[in-house]
Amino acid sequence: MKYILFIFLAFTSLFANELILTGTVISNNKKMIPARYMGYVKKINFEVGDSVKREDTLFELESAEFDILESQANLALEQANLMLDVYKTRVKVFKKHKRRLRQKKKMMPTMDFRANMEDLNENIDDISGSIEAAKVLVKEASEKTKQFATIAGYLKVKAPNDGVVVDKRIEVGDMVAPGMLTMVIVDMKHLEIEAEVAESDLKYLRRNKVVKITIPSLDYKASGYIKAIVPSANPMAHTFKIRVHFEKTSSMIFPGMYAKVYVDLTNEIANKI
């Protein structure tokens, strides 16, 4: 009985020089979409079953606190730029006075000329120092606005790749926190078959070995190859997982479908004989 139970758990059969494995269609690119900022869900653009393209906005968050901080950052940047422009204008004015003073040098007493020139140079030096300080303020304010621009990107959660929404765990008005799972997107173009093989049958398998696959519910048949043999055994059934790559040529193939993998053993058996 234990041997028979093991055979059923392994999901394999050996018949007519073929090893038949049963498995499931899976997506090789499944994305779990988390929230990256705390806030309330303002708008949801896609529902379960909808197809999405890369960079499509899946949903949007709103945050009154963020709006206030963003306005403050933008105002600080405007004020810093305005201050910088004022200082630059004053420097231009003093430099213009210096040029005029040099033009009147011959008409003025030497002492007056030197005194006026020293005053202008001091004013220019002072304002030049203020310009450097204003540049620092502009740089800091710009960095803050960039940070808020990044956060604004978090408020609009976009699709990382093309796919289909297979799970949605939020509704409009829900509060989400950073790291909270909101949606699951599955890439329908890159599908594989995951099957289990008994430990005793591993000797018949190797990477890149060509196999045949079928999806009985669609009467679908195709060729593929063993992409990977996962080195992690099921301790209860003593089975290993394998991944079979195949080219999807039907739009009706979905993750979760029952599939069969046929491994030709003709060469392996002939070598043993």
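The exercises below work through the sheets, pocket, cores and one helix of a predicted model.

Residues are numbered from 1 along each chain as its sequence is written. In this predicted model, local features need pLDDT of at least 70 and side-chain atom pairs count only at pLDDT 80 or more, while totals for chains, interfaces and linings use all residues; side-chain values use heavy atoms, without hydrogens and water.

**Exercise 1. Trace the open sheet of four strands and its pairing.**

Step 1. Fix the terms. Helices (H or I, at least four residues) and strands (E, at least two) are DSSP runs, numbered from the N terminus. Two strands pair if DSSP finds at least two bridges between them.

Step 2. Write the order. It is β3-β10-β8-β5, with antiparallel pairing. The edge strands are β3 (30-34) and β5 (51-52), each pairing on one side only.

Step 3. Check each pair. β3 and β10 share five bridges, and isoleucine 33 stands opposite methionine 183 in β10. Four bridges join β8 to β10. Here lysine 168 stands opposite methionine 183. β5 meets β8 (residues 163-168) through two bridges, with valine 52 opposite glycine 163.

Step 4. Look at the cover. In β10 (residues 181-186), five of six residues are buried, where buried means under 20% relative accessible area, exposed over 50% and partly exposed in between (1.4 Å probe, protein chains only).

**Exercise 2. Which strands pair with β4?**

Step 1. Take β9 (residues 175-176). It pairs with β4 (residues 39-44) in the antiparallel sense over two bridges.

Step 2. Take β6 (residues 57-62). Four bridges join it to β4, again antiparallel.

Step 3. Use tyrosine 40 as a marker. Its bridge partner in β9 is methionine 175, and in β6 it stands opposite glutamate 62.

**Exercise 3. Describe the lining of the largest pocket.**

Step 1. Define a pocket. On a 1 Å grid over the protein atoms alone, it is an open set of points where a 1.4 Å probe fits, with protein on both sides within 12 Å along at least five of seven lines; lining residues have an atom within 4 Å of a point.

Step 2. Give the volume. It is about 190 Å³, taken as the space filled by probe spheres set on the points, which are joined across faces, edges and corners.

Step 3. Name the lining. It includes Ile33, Arg36, Tyr154 and Lys158. Elements giving two or more residues are β3, α3 (110-155) and β7 (156-158). β7 gives the largest share, three residues.

**Exercise 4. Locate the largest nonpolar core and a second one.**

Step 1. Define a core. It is a set of buried Ala, Val, Leu, Ile, Met, Phe, Trp, Tyr and Cys residues joined through side-chain atoms within 4.5 Å.

Step 2. Find the hubs. Of 24 residues in the largest core, Leu21, Val25, Ile193, Ile213, Val261 and Val263 touch the most other members. Strands giving two or more residues include β2 (18-27), β13 (220-234) and β15 (258-264).

Step 3. Turn to the second core. It is separate, has 21 residues and includes Phe59, Leu155, Val165 and Met183.

**Exercise 5. Compare the span of α3 with expectation, then place asparagine 116.**

Step 1. α3 has 46 residues and reaches 67 Å from first C-alpha to last, close to the expected 68 Å. The expected span is 1.5 Å times one less than the number of residues.

Step 2. Buried residues of α3 include Phe113, Ile124, Val138 and Leu155.

Step 3. Asparagine 116 lies in α3. It counts as partly exposed because its relative accessibility is 33%. Its C-alpha is 9.7 Å from that of histidine 97, 19 residues apart along the chain.
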